[in-house]
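This briefing introduces a structure to a reader who has not met it before. Please look through the sequence and the structure, and then read the notes below, which are grouped by topic.

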Amino acid sequence: MKPSLVVTLALCHVPSSTLAYPGMAETLADIQARTQAGGSGSGTLEGRSTDLLGDLLSSVATAIGTTIAGILKGTASAVADAVTYKAPGALGSDACNKDKLCVWKYISDDLASSFNGCSDLARAAIRLGFHDAATWDKSSPYGGADGSIVLSGNAELGRLENRGLSPVAAFEKSIYDKYSPYGKPGMADIIQLAANVATVVCPGGPRIRTFAGRKDDSRAGPTGKLPSPVQSAEALIALFQAKTFTASDLVALLGAHSTSRQQFFDPSRAGLPQDSTPQTWDTRYYQETLSVPLDSRSIVVFPSDKNIATYQETKGTWNGFAGVGGQGRWARAYASAYFRMSMLGVTNMNNLYDITRVLPLPR
Ligand code: HEM
């Protein structure tokens, strides 16, 4: 549809049911809602992916499926409202057992107390969420956000790219075991909830909408799907595109390195952060990746990050996050892209349930 036609239709306030062509109503509604959500219609989430995933590709069959499809398509925001949940009773009480959200509230509080101050465990939990989910791409028959990084024992965790994740995997397995008597909360859900709790507990981090009910899988995910810190921009963009992310989504996701301290990429500089404020979810990472040399003794810049920061196709988005007003733009873009990450490989989105309210409020 030509932009001028969209504008004309929008100005006329034509009820969507009266539009002449099949599919046109949806297109117009999408654009209007995206604008309201601060999405690409208003320019703030320009270039984000709007692809559907999993079972939603064949049918958006339920109210929850419709909600998730809206977030994936950008017609609804991935950033949560400031609505919270109060447990109706003690863990294991009748009142708690009757409410699906109750056990999740106890889990969320437990995670938040270990992640406070954007702790080592918090930063690792964000990375664990990514590494569990990103074993999936469009060519994978299985893998994704399925808990396999913990449930497959050492088969997935023992891979080179997962070095450093054992302590957080053991911690999250202990949460899984502890709460298992209370309705068997799944490992995949705990991993994705933990990533979102960690993000919002790190000062400045967005509160990302969170769903539960994924299927767990103890098979180690497919190999060769995770990025390397020395890959070229072209290779990284292709790797993430195969997972339905755009190049702009990749730029937003990389901002997670704002809360990062590398140990294994360069052991001679173990413990050094990727920006000067590793306990804060801020855009200094975008600025300093551009300005700090690769051999700095205070900040370790990954060559992959530098490649994306300076690549023709991605440098505009990068500079947008690094510049004035970048924090809000990045928070929305990250929430949208990470929400997508948390749904990779999930094949029962029509049957998930919303647990966003159990998340802590932003710090
Ligand atoms: C081009 C893609 C990426 C590459 C090459 C990459 C690579 C790395 C490397 C090498 C480390 C340091 C590991 C170590 O030596 O200890 C790291 C840390 C980290 N990564 Fe990434 N990463 C990528 C994307 C992402 C994404 C998409 C996320 C999350 C959405 C993420 C979250 C993190 C976090 C939070 C840490 C810090 C963990 C900690 O401090 O314990 N990364 N990444």
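**Disulfides and the overall picture**

Cys118 and Cys202 are both buried. These two cysteines form a disulfide in which the sulfur atoms are 2.0 Å apart, in a model that is predicted. The notes begin with the chain as a whole, then return to the disulfides, and go on to the iron atom of the ligand and to two loop residues.

**The protein chain**

- The secondary structure of the protein chain comes to 16 helices and two strands.
- Of its 363 residues, the protein chain has 53% that count as buried.
- When contacts in the protein chain between residues at least 6 apart in sequence are considered, 71% of them join residues at least 24 apart.
- The area that the protein chain exposes is about 15,000 Å², and 55% of that area is supplied by carbon and sulfur atoms.

**The two disulfides**

- The count of disulfides in this predicted model comes to two, and when the bonded cysteines of the protein chain are numbered in sequence order, the pairing reads 1-2, 3-4.
- One disulfide joins Cys96 to Cys102, with an S to S distance of 2.0 Å, and this link is left-handed, with -105° about the S-S bond.
- Cys96 counts as buried because its relative accessible area is 3%, which is under 20%, and Cys102 is likewise buried, with a relative accessible area of 0%.
- The disulfide of Cys118 and Cys202 has a torsion of about 85° about the S-S bond, and therefore it is right-handed.
- Cys118 lies in the loop between helix H5 (100-115) and helix H6 (120-133), while Cys202 lies in the loop between H10 and strand S1 (211-212), so this pair ties together parts that are 84 residues apart in sequence.

**The iron atom of the ligand and His257**

- Which residue of the protein is a donor to the iron atom of the ligand? The only protein donor is His257, through its NE2 atom, at 2.1 Å.
- His257 has its place in the loop between H12 and helix H13 (284-291), and UniProt, in an unreviewed entry, lists His257 for "binding site".
- The relative accessibility of His257 is 22%, which falls between the 20% limit for buried and the 50% limit for exposed, and so His257 counts as partly exposed.
- Leaving aside residues up to four places away in sequence, His257 touches Gln274, Tyr285, Phe302 and Asp305.

**Two loop residues with positive phi**

- Lys184, a residue other than glycine, has a positive phi value, near 50°, and lies in the loop between helix H9 (166-179) and helix H10 (187-201).
- Is Lys184 buried or exposed? Lys184 counts as exposed because its relative accessibility is 64%, which is over 50%.
- Thr244, which is also a residue other than glycine, has a positive phi near 80°, and its place is in the loop between helix H11 (233-241) and helix H12 (247-254).
- Thr244 has a relative accessibility of 6%, which is under 20%, and therefore Thr244 counts as buried.

Conventions. Residues are numbered from 1 along each chain as its sequence is written. This is a predicted model: local features need pLDDT of at least 70, side-chain atom pairs count only at pLDDT 80 or more; totals for chains, interfaces and linings use all residues. Side-chain values use heavy atoms; hydrogens and water are left out. Helices (H or I, at least four residues) and strands (E, at least two) are DSSP runs, numbered from the N terminus. Buried means under 20% relative accessible area, exposed over 50%, partly exposed in between (1.4 Å probe, protein chains only). Donors are N, O and S atoms within 2.8 Å of the metal (3.2 Å for Na, K and Ca); water is not among the atoms, so sites may look incomplete. UniProt positions are given in the numbering used here, feature names are shortened, and annotations may be inferred rather than shown by experiment. Contact means heavy atoms within 4.5 Å. Accessible areas come from the Shrake-Rupley method with a 1.4 Å probe; for residues, only the protein chains shown count as cover. A disulfide is a pair of cysteine sulfur atoms within 2.5 Å.
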